[in-house]
Amino acid sequence: IEKVSKILWTDGTPLEELNPLECFILLSAIQIHDAGHVIGGREHHEQNAKEFLKKYDNNVVGSPEKKIIYEIARAHSGKDDPIGKLPQSEDISNFSVRMRLLAALLRLGDEMADEASRASAFLYEQNKIVKGSRLFHAFSMSLSSFLPHTETQEIRMKFNLNKSRCCEVFKKPTKDGGEVDTYLLDEIYVRTFKTFHECLYYNRFVSDKLRFNSVSVTVEFYDDDNFIPFFDTIGYRLEEKGYPRLQEENVYALCGKDLEKDGSKLDGEYVRNNMRTDGNQE
């Protein structure tokens with residue numbers, strides 16, 4: 001709710017006004033979009049959300065409203081164009097509900113909610129996080145700020161990596177049930193690129209004033225006990241360049257020399273092997 005509000009409002013002024021029914025439907029969809037995790041875990045959780053809608057009082061929320069809430073909520077995940085498959089709008093209870101707009105707001109708001117407050121720092125430090133989830137908690141714990149800036153139409157992400165999380169080799173689950181070794185910095189590159197992709201998808205369904213054309217990323221390296229940097233700050237900006245291409249890209253292809261040093265990629269292994277001990281910036 002907080003992230004979507006920051007997208008819609010700037011300096012106390014709404015960039016896009018929602019009618020009362022749209023507000024109710026969007027808030028309801030936000031509340032239930034991940035509730036399906038309780039029933040059957042992550043797989044098909046967006047589909048399982050409908051079980052919670054069945055509990056709504058029919059005298060308060062009718063079936064037409066429940067249907068729209070469910071359709072908007074389940075469009076928050078998936079790569080088969082779930083928002084594009086929704087109607088542009090649907091008339092209900094004497095209101096026109098812009099289904100694609102609401103679904104796009106929910107989906108991008110959900111993307112931006114994956115910050116420090118989502119992680120369990122206590123369980124992480126006690127080594128009580130299951131192996132396959134430890135990387136994702138480390139990512140959220142390191143993401144100190146994740147904000148939309150409508151005036152510049154960019155999303156800004158700021159990370160802080162301490163030495164322990166920077167040096168740890170995490171086990172990342174793969175789709176085939178296996179796992180691969182990865183550094184947190186490399187996961188940051190993957191996830192920020194995903195955020196940029198989500199922006200491009202979101203932009204298809206909103207007006208010009210709500211669009212985000214770039215993702216600006218800052219990664220700082222210092223420990224919480226002394227605040228002395230042990231590696232130079234990395235900054236890069238993800239945005240479309242030149243003639244649009246259809247093939248899959250990655251963060252290195254888009255950011256070029258911003259993520260290179262001495263002819264090498266600024267990946268997790270490079271940072272681990274080139275940490276400073278004196279705290280001096282180059």
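Which residues does Y236 touch, not counting residues up to four places away in sequence? I started there and pulled the list: I188, Y189, T192, V215, S216, V217, V251, C255, D258 and L259. Note to self: this is a predicted model.

**Core**

I looked up Y236 for a reason. The largest nonpolar core has 76 residues, and I234 and Y236 are those with the most contacts inside it. I then asked which helix gives the most to this core. I found helix α11, residues 184-203, with nine residues.

**Whole protein**

I took the overall numbers next. I count 13 helices and twelve strands in the protein. Of its 282 residues, 45% are buried. For contacts between residues at least 6 apart in sequence, I get 62% joining residues at least 24 apart. The accessible surface is about 15200 Å², and carbon and sulfur atoms hold 49% of that.

**Rings**

I went through the aromatics and got nine aromatic pairs in the structure. I checked Y201 and F205: the ring centres are 5.1 Å apart and the planes stand at 85°, so I logged the pair as edge-to-face. The cut-off I leaned on is over 60 degrees for that label. Are Y201 and F205 buried or exposed? Y201 has a relative accessible area of 14%, so I put it down as buried. F205 comes out at 10% relative accessibility and therefore also goes down as buried.

I also noted a cluster: ring pairs link F221, F230, F231 and Y270. F231 turned up again when I looked for charges over rings, since the charged end of K261 sits over its ring, 5.4 Å from the centre. I have another such case at Y124, where the charged end of R134 sits over the ring, 3.8 Å from its centre.

**Helix α9**

R134 led me to α9, which runs over residues 131-142. I wanted to know whether its length adds up. With twelve residues at 1.5 Å a residue, the helix should span 16 Å, and I find its end C-alpha atoms 18 Å apart, which agrees. The expected figure uses one less than the number of residues. Which residues of α9 are buried? My list reads R134, L135, A138, F139, S140, M141 and S142. So R134, whose charged end sits over the Y124 ring, is itself one of the buried residues.

**E71**

I looked at E71, an acidic residue in helix α6, residues 63-74. Its relative accessibility is 14%, so it counts as buried; the limit for that is under 20%. What is E71 in contact with, leaving aside its neighbours within four places in sequence? I wrote down L86 and M99.

**Positive phi**

I closed with the backbone. Q153 has phi near 55°, a positive value in a residue other than glycine. I placed Q153 in the loop between β5 (143-149) and β6 (154-161). Its relative accessible area is 22%, so I have Q153 as partly exposed.

D262 also has a positive phi, near 55°, and is a residue other than glycine. I found D262 in the loop between β11 (260-261) and β12 (264-265). Is D262 buried or exposed? At 69% relative accessibility, I marked D262 as exposed.

Technical notes. Residues are numbered from 1 along each chain as its sequence is written. This is a predicted model: local features need pLDDT of at least 70, side-chain atom pairs count only at pLDDT 80 or more; totals for chains, interfaces and linings use all residues. Side-chain values use heavy atoms; hydrogens and water are left out. Rings of Phe, Tyr and Trp (its six-membered ring) pair if their centres lie within 6.5 Å; planes under 30 degrees apart count as stacked, over 60 as edge-to-face and the rest as tilted. Buried means under 20% relative accessible area, exposed over 50%, partly exposed in between (1.4 Å probe, protein chains only). A charge sits over a ring if NZ of Lys or CZ of Arg is within 6 Å of the ring centre and within 35 degrees of the ring normal. Helices (H or I, at least four residues) and strands (E, at least two) are DSSP runs, numbered from the N terminus. Contact means heavy atoms within 4.5 Å. Accessible areas come from the Shrake-Rupley method with a 1.4 Å probe; for residues, only the protein chains shown count as cover. A nonpolar core is a set of buried Ala, Val, Leu, Ile, Met, Phe, Trp, Tyr and Cys residues joined through side-chain atoms within 4.5 Å.
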